[in-house]
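Colleague: Thanks for sitting down with me over this one. Could you walk me through the fold, step by step?

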Amino acid sequence: MECTEWSGIALNHPARCEHRAPCEKFVAFEWTDSGRRFLGCGKKDVPKCNFVDWIYPEWPVQLKQALNTIWTMYEEESTNRLRQNVLNAEEVVKVMEEKRKMENDLRFFKVDFAKMVADKEDAITQLGNARLVISDPKEQIEKKNLADKSDTNIHQVLRAKAEKERDQEKEEKVKLVQEMDKIKQKSAMLLEEKEKWKQEKRHLEYTIGDLFKEKEATKGNIRKIKEIVDE
Ligand SMILES: [Zn+2]
């Protein structure tokens with residue numbers, strides 16, 4: 001510990017350290033020796049040796065006890081402070097971690113938000129266009145069409161075209177179906193007629209058959225009559 005009255009090399013003192021060199025004046029600052037003057041190694045360029053020559057004798061017991069109590073309190077305080085520092089450091093690490101997480105979240109949020117704003121603006125533009133189309137007279141729409149070559153209008157035109165084509169396709173399909181129905185009806189009628197003809201033909205065949213039988217019967221009768229006549 002610093003002491004202006006007891007410092008520097010003790011050139012006038014006969015004590016010599018293990019280096020055989022004149023000693024340096026010190027005041028102790030450690031536990032029960034605190035405040036005691038002593039001579040120690042005065043070397044600066046090489047490691048100091050362990051030489052100690054106490055100038056003050058040991059303190060009385062009461063003073064030693066007081067010093068002991070004070071030093072114990074100091075040690076406890078230091079330990080607590082160290083522990084607190086460790087806790088603080090851990091807290092700092094935690095906070096930093098949370099901060100990093102929050103920054104990350106914020107970055108994602110910013111991207112989402114920008115996207116949302118862009119979507120919103122797009123929606124507002126489309127809504128504006130739609131309102132214009134609904135509320136304004138023809139000339140306004142024409143003006144708008146000339147001025148605005150945005151994708152929205154191109155999409156609208158394309159959609160209208162696609163719808164028109166779809167309608168045309170539908171009409172053609174309906175026509176085809178109608179024609180098919182007509183053809184079906186015709187073929188049904190033809191089949192019916194064919195069936196009638198078949199029946200008529202069968203009827204005629206039966207009639208012809210009957211006529212043949214009658215003819216055979218008549219022939220038989222004639223033959224019988226002839227036989228009778230011949231007799
Ligand atoms: Zn020495």
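Modeller: Gladly, and let me start with a definition: helices (H or I, at least four residues) and strands (E, at least two) are DSSP runs, numbered from the N terminus. Please keep in mind that this is a predicted model.

Colleague: Good to know. In what order do the elements of the chain run from the N terminus on?

Modeller: The chain has three helices and three strands. Reading from the N terminus on, the order is β-β-β-α-α-α.

Colleague: Then let's take the strands. How many bridges pair β1 with β2?

Modeller: Strand β1 covers residues 24-27 and strand β2 covers residues 37-40. Within this pairing, Phe-26 stands opposite Phe-38. The two strands are antiparallel, and the number of bridges between them is four.

Colleague: And which residue in β3 is the bridge partner of Gly-40?

Modeller: β2 also runs antiparallel to strand β3, residues 52-54, with three bridges joining them. Leu-39 of β2 stands opposite Asp-53 in β3. For Gly-40, the bridge partner in β3 is Val-52.

Colleague: Nice. Which strands stand at the edges of the sheet?

Modeller: The sheet is open, has three strands and pairs them in the antiparallel sense, in the order β1-β2-β3. Two of these strands each have a single partner, so one side of each is left without a neighbour in the sheet. The edge strands are therefore β1 and β3.

Colleague: By how many degrees are neighbouring strands of this sheet turned against each other on average?

Modeller: The question concerns the open sheet with the order β1-β2-β3. With direction ignored, the average turn between its neighbouring strands is 30°.

Colleague: I like to check backbone torsions. Where does Trp-31 lie?

Modeller: Trp-31 is not a glycine, yet its phi is positive, at about 45°. It has 14 C-beta neighbours inside 10 Å, so it counts as partly exposed. Its place in the chain is the loop between β1 and β2.

Colleague: What about Arg-20: buried or exposed?

Modeller: Arg-20 sits in the segment before β1, and its phi is near 65°, a positive value in a residue other than glycine. The cut-off for exposed is 12 or fewer other C-beta atoms within 10 Å. Arg-20 has 7, so it is exposed.

Colleague: On to the helices. How far apart in space are Trp-71 and Ala-160, C-alpha to C-alpha?

Modeller: Trp-71 lies in helix α1, which covers residues 61-135. With 15 C-beta neighbours inside 10 Å, Trp-71 counts as partly exposed. In sequence, Trp-71 and Ala-160 are 89 residues apart, and in space their C-alpha atoms are separated by 94 Å.

Colleague: What radius of gyration does the chain have?

Modeller: Along its principal axes, the C-alpha trace spans about 200 × 75 × 40 Å. Of the 231 residues, 2% are buried. A compact globule of 231 residues would have a radius of gyration near 17 Å, whereas the value for this chain is 64 Å.

Colleague: Last one: how many charged residues has the side of domain 1 that touches domain 2?

Modeller: The domain assignment gives domain 1 as 1-59 and domain 2 as 60-148. Their contact takes four residues from domain 1 and six residues from domain 2. On the domain 1 side, two residues are nonpolar and two are polar, and the number of charged residues is none: no charged residues.

How values were computed
Residues numbered from 1 in each chain as written. Predicted model: local features only at pLDDT ≥ 70, side-chain atom pairs only at ≥ 80, totals over all residues. Pairing = 2+ DSSP bridges. Rg over C-alpha atoms; globule rule 2.2 N^0.38 Å. Buried ≥ 20, exposed ≤ 12 C-beta atoms within 10 Å, placed from the backbone. Domains from an automatic or database assignment. Contact = placed C-beta atoms within 7 Å. Nonpolar A, V, L, I, M, F, W, Y, C, P; charged D, E, K, R; others polar. Axes fitted to C-alpha atoms, helices over the stretch in contact; angles between N-to-C directions.
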